[in-house]
Amino acid sequence: MFLELRNELHSFYLHGDAERSKAFADKCFAIMNSRFQDGMSVTAQKCLQYDVICEEFEPVVFRHTPYFYETGVLTSLSDGARKAKGHGFIQANGWVYSRNQYLFVDQDEALYRLRLAQAAEKLYLICGPYNDTSQHFNFNCRPFLQKGLKGIYEEACAELAFAKAENEREFLCAVCHGMQVMRKMAEKFAAKAEAMLKAEKDTSCRKNLSLIASTAKRVPWEAPQNFYEALATLAFLRTVMGSLEGVGPNTFGRIDKDLFPFYHSDIENGILTPDAAYTLICQFLLIWDCHYDHDMIMEGYADHELENTYTLGGCDDNGLPLCNDLTLMFLRATREEKIIFPKIKCRFSKSSPKEYFDGINRSIINGTSTVLLQNDDATIPALLRAGRPISEARDYYISGCWDISTNQEKSDRGSYLNLLKPFEFSLHNLKDKMDAVGIHFECFDGCSDFHELYKKVLRNCELLLDAKLDVQRRGGQIFHKVDRFPIFSSTLEGCLKKHADFTVKGAKYSDDYQLIFGLPNIVDSLMAIKTLVYDTKKYTLDEFFTAVRANWEGYEDMRIEATKCSGWGDGSEESCALANRFNNDLFAIFQNKTGCYGGQVHMGHLTYTEIRFWGDVTLATPDGRKNGEYFSQGLTPSRLKRIPCVNDVINSMATLDPSTMAANSVVNIILPSKIPLDRCEGFLRAAAGTAIQSLQLNCTTKEELLDAQKHPEKYPDLIVRVTGFSAKFTSLSKEWQDEVISRNFYD
């Protein structure tokens, strides 16, 4: 369906978008540089960036959709982040940041060199110099749906009367200015549609253009009044905010919850039919899904990542399961139109209704896995323990890949901490690398018992955490001198009342979220050492370490013994106890730290494509893993442990305390293809009773994937959850296909 719309969108997005964006950026940079004045504040620079982009952009209006959103400022793969993905140039929305980013280096060159050295050794990831400066921006659309740009403008104007300092007044004025700029941009869309109407003959296209021409004059300056206008507001804001701010607004939030009042009112008043609403939903999803070629080969770090998401389901404000007509329509549209982006985040719990589970699972069991399942029964307790009130905990959504987001903060969610690196440095005695990164981990040689070894592992984890927090704390405090985000900040709870941008702690919370990886591999390694060295005493510690340091070459029998020791996910009492102990001890360490911005430090267990790329450069580990082999993703059991029954994984996950993981955790599970809906539902209800938070569920078989490698033409619609995104299996490179095939397949 919607063939004409698909063709129109593909014609625009798949041809010449990089050249178009680069030419626009060059033009705008020249104008902005000519208007720049010495002494201009960062906020004033941002307002200048707003103005020039607004003046120079030419709106792109598509004839076969009623939505107005495309500015032509960004490349097709860009979510708003200033660097053109896959092309390397800075887009027009990155002018302010590019002028001032030198400050991150100049403030302390030695610190910056240290940060680069630590990152080069894969100790951690920061999506920016010291802060997450362009990605994972959980844009809060609700204020625009509730009161429009005008309402935010009026609120900021009212706050000016209470501003006590010039920087407060400047921020509030910038918010007002941003709202007016977006109003002008919407009006340009209206004018473009009116001009196109003069030559348009097609009846359906004339209807779309007429709707845009009349709507864009009012919305989103005025709050939307019906379901179409609400969807149009979301479409406009995503692209326009990204085009102006230079960051990726990567979520539409809780779309079924927020849009249902508009839908219900329209249905009640006879303005809309369910079929018409469904058509609007399909068109809305297609304008994002057609940004890229689903068949392009994925080889790099995030080739198929568009960072565009929305959340369905969960619970309402009273804690009751939420599943309405829109919930089911979005699931149906994704299934029928084979939508991969936007990514769907489906909140679920033990009490979720069957029709909701069935709506999710119809795609999954048939091998089109585009859904991330987020467990309310594990996530809400984690948010409560993190100090969030029940109203906020119930209202969370998932943005980016796995980011537990609320409307009260902007957090650095792409912030990884690689616990396997201190483990590797200590085990392999990499003292030269310790000198290079300025962290001297305790080596494991000579440990007289398991308790001593375990304590060293834990201390090394803390050393790494302290080092990362120290670097971010010392280097990240000048973010506000590099860039400001008045439009984005205006929607975060606290910023308007505090008269402050989020970069100067205007939001309600300023917490840190450190996403660790390595728990499964470390637990399995410790279990192997404990079993083979300290319990059975089959090998001395020196003999065992010699084998690992030799990459197991000449010690294959010992390696196989290591892989056969009890390990994470097998359901054994001993492995579960050790994993629980390790997780709780890590949590205790995190609880005692102060974050980079003065708030709490929360932990989670997440890994993106680093399971391959960082695994490639990590030496052998005692669990039987060889040099360069894959890491486990998040809390997913190691693929070295061939655990046949998924019940063992469920039982293992039930032993962990989910409230310790406020930064979220992820688990990959592959079940057989085409299992009955009831069985898939039963599995999810069982998973809801565990510490599983983000569940990436695929339903396929190894035989099916191997056949798809050989005969891709037979599997044009086989979609797998790769990591933080889904992709057609046939579009994955051989290396990525092999990674998926190497995972555990459960009965």
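Is Asp 445 buried, partly exposed or exposed? Asp 445 counts as partly exposed, at 33% relative accessibility. On this scale, buried means under 20% relative accessible area, exposed over 50%, and partly exposed in between (1.4 Å probe, protein chains only).

Before the exercises, a word on the ground rules. This is a predicted model, in which local features need pLDDT of at least 70 and side-chain atom pairs count only at pLDDT 80 or more, while totals for chains, interfaces and linings use all residues. Residues are numbered from 1 along each chain as its sequence is written, and side-chain values use heavy atoms, with hydrogens and water left out.

**Exercise 1. Find the salt-bridge partner of Asp 445 and place both residues in the chain.**

Step 1. Start from the rule: a salt bridge is a side-chain nitrogen of Lys or Arg within 4 Å of a carboxyl oxygen of Asp or Glu. By this rule the structure has 51 salt bridges.

Step 2. Asp 445 pairs with Arg 549, and their closest N and O atoms are 2.8 Å apart.

Step 3. This pair links distant parts of the chain: Asp 445 lies in the loop between helix 18 (431-437) and helix 19 (450-475), and Arg 549 lies in helix 24, 104 residues apart. Helices (H or I, at least four residues) and strands (E, at least two) are DSSP runs, numbered from the N terminus.

Step 4. Arg 549 is partly exposed, at 29% relative accessibility.

**Exercise 2. Describe the salt bridges that Lys 508 makes with Glu 392 and with Glu 493.**

Step 1. Glu 392 and Lys 508 meet at 2.6 Å, N to O. Glu 392 sits in helix 16 (residues 390-394) and Lys 508 in the loop between helix 22 (495-498) and strand 8 (512-517), with their positions 116 residues apart.

Step 2. Glu 493 and Lys 508 form a salt bridge at 3.7 Å, N to O. Here Glu 493 comes from the loop between helix 21 (486-489) and helix 22, and the two residues are 15 residues apart.

Step 3. Now add the accessibilities. Glu 392 is buried at 8%, Lys 508 is partly exposed at 37%, and Glu 493 is partly exposed at 39%.

Step 4. For another view of the charged side chains, look at the salt-bridge network that links Arg 142, Arg 254, Lys 257, Asp 258, Asp 317 and Asp 395.

**Exercise 3. Work out which face of helix 25 is buried, and what covers its buried residues.**

Step 1. Helix 25 spans residues 556-564, and its buried residues are Met 558, Arg 559, Ala 562 and Thr 563.

Step 2. Looking down the helix axis, these residues fall within an arc of 140° (taken from the directions from the axis to the C-beta atoms), so they line one face. The general background is that an α-helix has 3.6 residues a turn, so residues three or four places apart point the same way.

Step 3. The face turned away from the buried side carries the exposed residues Asp 557 and Lys 564.

Step 4. The cover over the buried residues includes helix 23 (519-535) and helix 24 (541-549), where contact means heavy atoms within 4.5 Å.

**Exercise 4. Trace the five-stranded sheet and find its edges.**

Step 1. The five strands form an open sheet in the order 2-3-4-11-10, with mixed pairing. Two strands pair if DSSP finds at least two bridges between them.

Step 2. Strand 2 (309-313) and strand 10 (666-671) each have a single partner strand, so one side of each is left without a neighbour in the sheet.

Step 3. The twist averages 30° from one strand to the next. Angles run from 0 to 180 degrees between N-to-C directions, with axes fitted as lines to C-alpha atoms, for helices over the stretch in contact.

Step 4. Strand 4 (residues 371-375) and strand 11 (residues 694-699) run antiparallel and are joined by two bridges; Leu 373 stands opposite Leu 695.

Step 5. Helix 29 (residues 677-687) lies across strand 3 (343-348), strand 4, strand 10 and strand 11, at about 160° to strand 11.

**Exercise 5. Count the disulfides, then check Cys 47.**

Step 1. With a disulfide taken as a pair of cysteine sulfur atoms within 2.5 Å, the whole structure has zero.

Step 2. For Cys 47, the nearest cysteine sulfur is that of Cys 173, 8.6 Å away. Cys 47 is buried, at 14% relative accessible area.
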